[in-house]
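Dear colleague,

I am handing over the structure below, which you have not worked with before, and I would be glad if you could look through it alongside these notes. What I found in it follows underneath.

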Amino acid sequence: MTDQTLARPEAKKRSLPHFNPVYVLVVALILAIIVMNPAFGEPTGYMNFLKRVTALAILSAGALYVIVSGGFDLSVGSIMTLTVIGSSMLASNDPNSTYWIIPLMLGIGAVVGLVNGLVVSYLKVPSLIATLGMMITLNGVAFMWSGGAPRGYLPDTFRFFGRYNITDVPVITLLPIAVICLFGFGAILWWGLHRTNFGRLLHAVGDNPQAARLAGVPVERVRISAFVVSALTAVLAGVILGGRAGVSVDIGSGFELQAITAAVIGGAQLLGGRGSVPATIAGALALEAIFTLLNLLGLAQPVRLVVQGLILIGAVALATYQRKRSGR
Amino acid sequence: MNKTVITFAVLGLMTGSAAAQAPNFDDPAEFDKQREQLTATFNGPADQIYRQYAGNEMVDTSEFATDAPWTVCFSNAGVNNPWRVVGYTNMTEEVKLHPEIGTFTHVDAEGSDDKQIADIDDLLAGGDCNILIVSPNSTAALTPAVEKACAAGLPVIVFDRGVTTDCPVTFVHPVGGYGFGIQAADHIIANVPEGGNVLMLRILPGVDVLETRASGARNMFEEAGLTILGEEFTDGDNAKTKSIVEDYLQRGNIDAVWMDAGATAVAAIEAFEDQGMDIPVITGEDQQDYLQKWRDLGFAGIAPTYPSYQWRTAIIAAVQTLKGEEVPGPEWVLPQPAITQDVLDDYINENMPPLHYAMCGCEDMPTYPEAWGGNE
């Protein structure tokens, strides 16, 4: 009886309309950018911005699968690096090579994800360590392959996805291929996590693996699939980032943490069971928008880093507070 | 009066340790010296730029003469960027040209001061080295380690970044960072009308050879009445470079982009190219992708160099020392030419990798171009 009276106020709060604060954050940041720089409201402004954020957005949405299943994938940045280095080494300036290189890279990505998943599921190595080891290994492979400096260019057919714009589009004037990729892959990843049985199983495994197992969920297979999805999206992110910026030997470094940050800003729970693809993509937009805004303010770099860090902590703290208050 | 003294003393205490260590990156005397050296005549064989040297000062090394075969030890700050990859290849190929070198021991500090200090300790403890070549990771931190090697009686050759002791046999380096900044800034000042907007892109703060490039150029822009839009750090990352330039383009016109190193110059060029804009003056470095882009798009480029042939010179200096021959010193200053429009085609080689640094002085080696990743 007493239990019920205590629970009532909580139930009342739960019925209040609840926004994920990340959307508020993104809108606020974008408005601030437009106020600072009206040119951002022009198609070249916001399309460039979306083009820039595509790689991180797709990567984060893929990494979210692993986070929801209760793990971490630190190897995604090194998969991006390997994709870009490997593609440039294999392409040898042949524009026709793109058609077999991208499928090959996706194949390599799938194998990497499979290994990550097997190591975590069957060798019982914590995912943080397993994927950290994979990250170091893949960075080493990429370094050995290239000898420490890029040995080739990416042909224009490869760079198409990250670099080219369709011009003369009505209303929005130009439409970067990358933005089409962002919406396309974003939709697929949203569907996979929120509208399929696999997505429900992922949530179940992340929420309580023991309960999921007892309920008959094939926990190992679900986990392995999550790592494969994450690795595949890392390859796609690598293709888009390499396309946008060209070859660098450490092009993917730091992206693994940015992806996790984007997911957390989007309200994902780090130990699994909760997360949203659209909110994670919004988290990626927020991260990039913070960078752009601080750049526009013309603050010196050290000040920018401080502000960036504080906004990150604030955003996540707010998300956590809201969740607690709404009792979820 | 007393108050002022106390204030200064407190300030001194607060900043003391840092200030005592921090080298001066804006030194007008050094700036003037390097400006002169850029156009000075160098001694040495005309067709072997990596053997040339400024001035006539030589060091006697007869005390270090040793019978071959030698063990040459090399403590390397790192092979962590494409310039160092090219340089290290120059070095290993140069070693092959000297049959007197029996063993070449290379230890890679992977960009860490601590590891390099430990590396040098290990090499000294091993006792096998006839000579020690050091490419210091940072100036202040490695000075005691180099002094320790000297004290052990070992001849030491330092190159690339320096140390603050004169105990090494010689310090091999090209003209220097101010020189690099001057060449790029001169070109911008000559090609941009007064009051024009310059964006300065830098890799990272705090590295002496990069700080001097920036401080020299900054002073020159201010003197010439150009507006510096900003100084941004790119971490040597193409994507970040492109984003920074795009952001600045949204805020207004850019007449020139000054770069402290060329590895991301092509990304800066693409930021203009992708928006269908004319390419302004963008400075770079001698790496192939920039040189080819410059030729293809035909903008007003220039490629100052920090020649990677100094890695060859370090081996040559070591060989001369162990033979007891005179070595240019205590500083072996190498020429530091800039690649300009007139000589651009001489340095383009489409068979080389995109980040091959053309000013490598390596074309006369038997293993060129395969060892550098090029195709015949």
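Which residue of β6(B) does B:Ile157 stand opposite? Before the answer, please keep in mind that this is a predicted model. The residue in question is B:Thr170, which B:Ile157 faces in β6(B), and the two strands concerned, β5(B) and β6 (residues 170-174) of chain B, are paired in the parallel sense over three bridges.

On its other pairing, β5(B) is joined by three bridges to strand β4 (residues 131-135) of chain B, and these two strands run parallel. Here B:Ile157 is again involved, as the bridge partner of B:Ile133. Between β4(B) and β5(B) the chain passes through helix α5 (residues 139-151) of chain B, in a β-α-β crossover that is right-handed. Strand β5 (residues 156-159) of chain B is covered on both faces, since B:Val156 and B:Val158 on one side are buried, as are B:Ile157 and B:Phe159 on the other.

These strands belong to an open sheet of six strands in chain B, with parallel pairing and the order β3-β2-β4-β5-β6-β12. Because β3 (101-108) and β12 (331-334) of chain B each have a single partner strand, they stand at the edges, and one side of each is left without a neighbour in the sheet. On average, and ignoring direction, neighbouring strands of this sheet are turned by 15° against each other. Strand β2 (residues 70-76) of chain B pairs with β4(B) in the parallel sense over five bridges, and B:Asn76 stands opposite B:Ser135 in β4(B). Helix α11 (residues 310-323) of chain B packs on the sheet, where it touches β2, β4, β5, β6 and β12 of chain B, and its direction makes about 155° with that of β6(B).

Turning to chain A, helix α9 (residues 197-207) and helix α11 (residues 219-245) of that chain pack at an angle of about 105°, with their axes 10 Å apart, which makes α9(A) roughly perpendicular to α11(A). Among the residues making this contact are A:Phe198 and A:Leu201 of α9(A), and A:Val222 and A:Arg223 of α11(A). By class, the contact of these two helices has seven nonpolar, one polar and one charged residues.

Finally, the two chains touch, and the contact takes 22 residues from chain B and 26 residues from chain A. On the side of chain B that touches chain A, α8(B) gives the most, with eight residues, and the residues of that side divide into 10 nonpolar, six polar and six charged.

With best wishes

Methods: Residues numbered from 1 in each chain as written. Chains lettered and ligands numbered in written order. Predicted model: local features only at pLDDT ≥ 70, side-chain atom pairs only at ≥ 80, totals over all residues. Buried ≥ 20, exposed ≤ 12 C-beta atoms within 10 Å, placed from the backbone. Helix = DSSP H or I, 4+ residues; strand = E, 2+ residues; numbered from the N terminus. Pairing = 2+ DSSP bridges. Right-handed = clockwise from strand over helix to strand, strands pointing away. Axes fitted to C-alpha atoms, helices over the stretch in contact; angles between N-to-C directions. Parallel < 35°, antiparallel > 145°, perpendicular 65-115°, else oblique. Contact = placed C-beta atoms within 7 Å. Nonpolar A, V, L, I, M, F, W, Y, C, P; charged D, E, K, R; others polar.
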